[in-house]
Amino acid sequence: MPREFKLPDVGEGVAEGEIVSWLVAEGDTVSEDQPVAEVETDKAVVEVPSPVNGTVRTLHFDAGDVVPVGDVIVTFDVDGDAPDEATEDEADEPEAATESASKSATEKASTRTFAPPSVRRLARELDVDLDSVEGTGPSGRVTEGDVRAAAESDTTEPQEEPPEEVQSAVEPVGEQAADHTESGEPSGTPAGGREPAGREKTLAAPATRGLAEELGVDIDDVPATEERDGEAFVTAEDVQAYAEGGTAAQGDTEAAAPDREFAEGGETTQPYRGVRRSIGEQMAESKYTAPHVTHHDTAVIDDLVATREKLKARAAEQDVKLTYLPFVMKAVVAGLKEYPILNSELREAEEEIALKQDYNVGVAVATDHGLMVPVVKHVDQKSILEIAAEVNELAAKARDRSISREEMQGGTFTITNFGAVGGEYATPIINYPETAILGLGGIDERPVAEDGEVRAAKTLPLSLSIDHRVIDGAEAARFTNYVMERLTDPELLLLE
């Protein structure tokens with residue numbers, strides 16, 4: 001009898017998942033616990049393992065389909081069970097064929113390329129074969145940078161035999177000219193009357209070549225504005241200008257025809273599901289449930305800058321990148337111990353406020369799929385170097401979507417560093433059901449008045465959002481002052 005395999009709940013409370021890619025094909029032999037599919041949930045991309053030893057009979061969904069938990073995604077023929085449709089000839093197949101199929105499936109599983117969905121989409125857009133790209137991310141995962149580098153290499157490296165997408169660049173000019181003549185246009189001349197370049201070889205990105213085909217332009221005739229490795233390099237703007245008969249690609253200043261028609265821009269869409277939808281729902285619940293109040297202040301951190309600079313080399317000797325964040329996390333935990341109401345959760349149904357005894361700090365990480373919040377557990381029990389190493393590891397996992405659901409749960413307080421992107425102050429949204437979140441602005445030199453004089457000092461802007469149902473403004477101010485004191489004088493952290 002065949003064995004049906006339903007999509008399991010790959011994370012606590014997950015209702016559905018998107019089939020990112022199949023790691024097996026129909027007819028492949030699989031072993032128990034061998035990954036058969038990559039599935040994206042609202043938190044991460046996970047591999048779904050086979051529950052049996054057997055052969056893949058049917059894959060019920062295509063890559064990209066969103067499947068409810070509990071729906072059948074694969075049907076297996078379990079070892080020892082003959083397929084219902086099996087013929088006598090199939091039953092008499094030599095055992096060597098089965099061994100060959102098993103070996104093929106095993107090789108496929110051991111050589112598959114690991115990459116998050118955003119990277120796979122980018123590879124398809126740039127026409128890059130992922131299997132040929134060497135990943136530089138954690139555990140050998142392919143990153144967007146790897147794909148872009150591969151795409152750039154394809155367009156700039158000399159090749160003895162050009163791939164299909166550049167074959168048109170090396171066709172004899174006479175043959176291409178004949179094609180234009182048959183279409184009723186003068187040989188090699190665009191509609192706007194510009195003289196063709198008439199090269200024998202042209203470098204261009206695959207997307208640019210696609211645009212040239214859509215516009216009916218011979219890319220070898222387009223005047224190039226760039227040069228790479230001694231060859232003409234044509235951009236999409238060059239193609240567009242040539243197709244319209246303009247002169248921008250040649251640097252001329254003649255205006256385009258005033259009566260030409262402009263193409264409508266239209267729009268593109270992207271799915272609102274998975275991580276993005278989860279973030280949206282979480283933000284809406286927090287904003288419309290907890291009344292937010294934000295307290296702003298600025299810490300003078302000249303001594304912290306000097307301390308971190310002094311310890312950075314020591315950390316590097318242990319292969320740890322030391323940022324300011326671990327110092328802030330230790331200062332925050334010191335403040336939470338002093339003002340425990342900020343390390344709390346309001347349980348309205350039970351009519352109680354839970355003061356947490358654990359100090360688990362979430363760190364907001366910007367990814368291609370939106371903001372994710374890995375959690376560093378028991379910050380109060382770890383050294384600054386231990387915290388730094390864990391933050392770096394969790395951030396890397398969040399960005400390549402290999403982070404587990406458990407690594408993003410259990411937080412009691414959250415820190416978001418929007419200053420890394422730019423800006424001084426903001427109004428962070430609380431990571432509900434927590435009751436507070438601290439936002440960090442950009443560290444920079446700013447004027448500071450001390451003893452009647454103004455000097456330039458390194459400062460760190462702070463934005464603390466609180467749930468005003470639980471925390472009063474005065475407590476928020478006292479907590480912030482306590483944290484600032486330890487950031488201004490980092491030696492106080494040695495007492496924590």
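These notes go through a predicted model, from the whole chain down to single residues.

1. Overall make-up. The chain contains 12 helices and 21 strands. It has 496 residues, of which 41% count as buried. Taking contacts between residues at least 6 apart in sequence, 62% join residues at least 24 apart. The exposed area of the chain is about 26700 Å², and carbon and sulfur atoms supply 47% of that area.

2. The N-terminal strands. Four strands form an open sheet in the order β1-β8-β6-β3, and their pairing is antiparallel. Strands β1 (2-6) and β3 (29-30) stand at the edges with a single partner strand each, so one side of each has no neighbour in the sheet. Within this sheet, β6 (residues 54-59) and β8 (residues 72-78) are joined by five bridges in the antiparallel sense. To check the register, look at threonine 55, which stands opposite aspartate 77 in β8.

3. Aspartate 33. This residue sits in the loop between β3 and β4 (35-40). Its phi is near 75°, a positive value in a residue other than glycine. Most residues other than glycine have a negative phi. With 56% relative accessibility, aspartate 33 counts as exposed because the cut-off for that class is over 50%.

4. Strand β18 and its partners. Strand β14 (residues 361-363) runs parallel to β18 and is joined to it by three bridges. Strand β19 (residues 436-440) also runs parallel to β18, again with three bridges. Threonine 414 of β18 takes part in both pairings: it is the bridge partner of glycine 362, and it stands opposite isoleucine 437 in β19.

5. Side chains of β18. In a regular strand the side chains alternate between the two faces of the sheet. In β18 (residues 413-416), Phe413 and Ile415 point one way, while Thr414 and Thr416 point the other way. Are these four residues buried or exposed? All are buried, the two threonines included.

6. The cavity. The structure holds one cavity of 30 Å³ or more, and the volume of the largest cavity is about 30 Å³. Its lining consists of Val363, Val365, Pro374, Val376, Val391, Leu394 and Ala395. Helix α11 (residues 384-399) supplies the largest share of the lining, three residues. By class, the lining has seven nonpolar residues, with no polar and no charged ones.

7. Arginine 401. This residue lies in the loop between α11 and β18. Arginine 401 has a positive phi of about 65° although it is not a glycine. Its relative accessible area is 1%, so arginine 401 is buried.

8. Proline 433. The peptide bond between tyrosine 432 and proline 433 is cis, with omega about 15°. Most peptide bonds are trans. Proline 433 has its place in the loop between β18 and β19.

9. Aspartate 467. This residue belongs to strand β21 (residues 453-467). At 1% relative accessibility, aspartate 467 counts as buried. Which residues does aspartate 467 touch, not counting those up to four places away in sequence? They are Ala290, Pro291, Ile430 and Thr435. Lysine 287 is 180 residues from aspartate 467 in sequence, and their C-alpha atoms are 9.7 Å apart in space.

Methods: Residues numbered from 1 in each chain as written. Predicted model: local features only at pLDDT ≥ 70, side-chain atom pairs only at ≥ 80, totals over all residues. Heavy atoms only, no water. Pairing = 2+ DSSP bridges. Buried < 20%, exposed > 50% of the residue type's maximum accessible area, 1.4 Å probe, protein only. Contact = heavy atoms within 4.5 Å. Areas by Shrake-Rupley, 256 points an atom, 1.4 Å probe, with all protein chains shown as cover. 1 Å grid on protein atoms, 1.4 Å probe; cavity = no way out; pocket = protein on both sides within 12 Å on 5 of 7 lines; lining within 4 Å. Points joined across faces, edges and corners; volume = space filled by probe spheres on them. Nonpolar A, V, L, I, M, F, W, Y, C, P; charged D, E, K, R; others polar.
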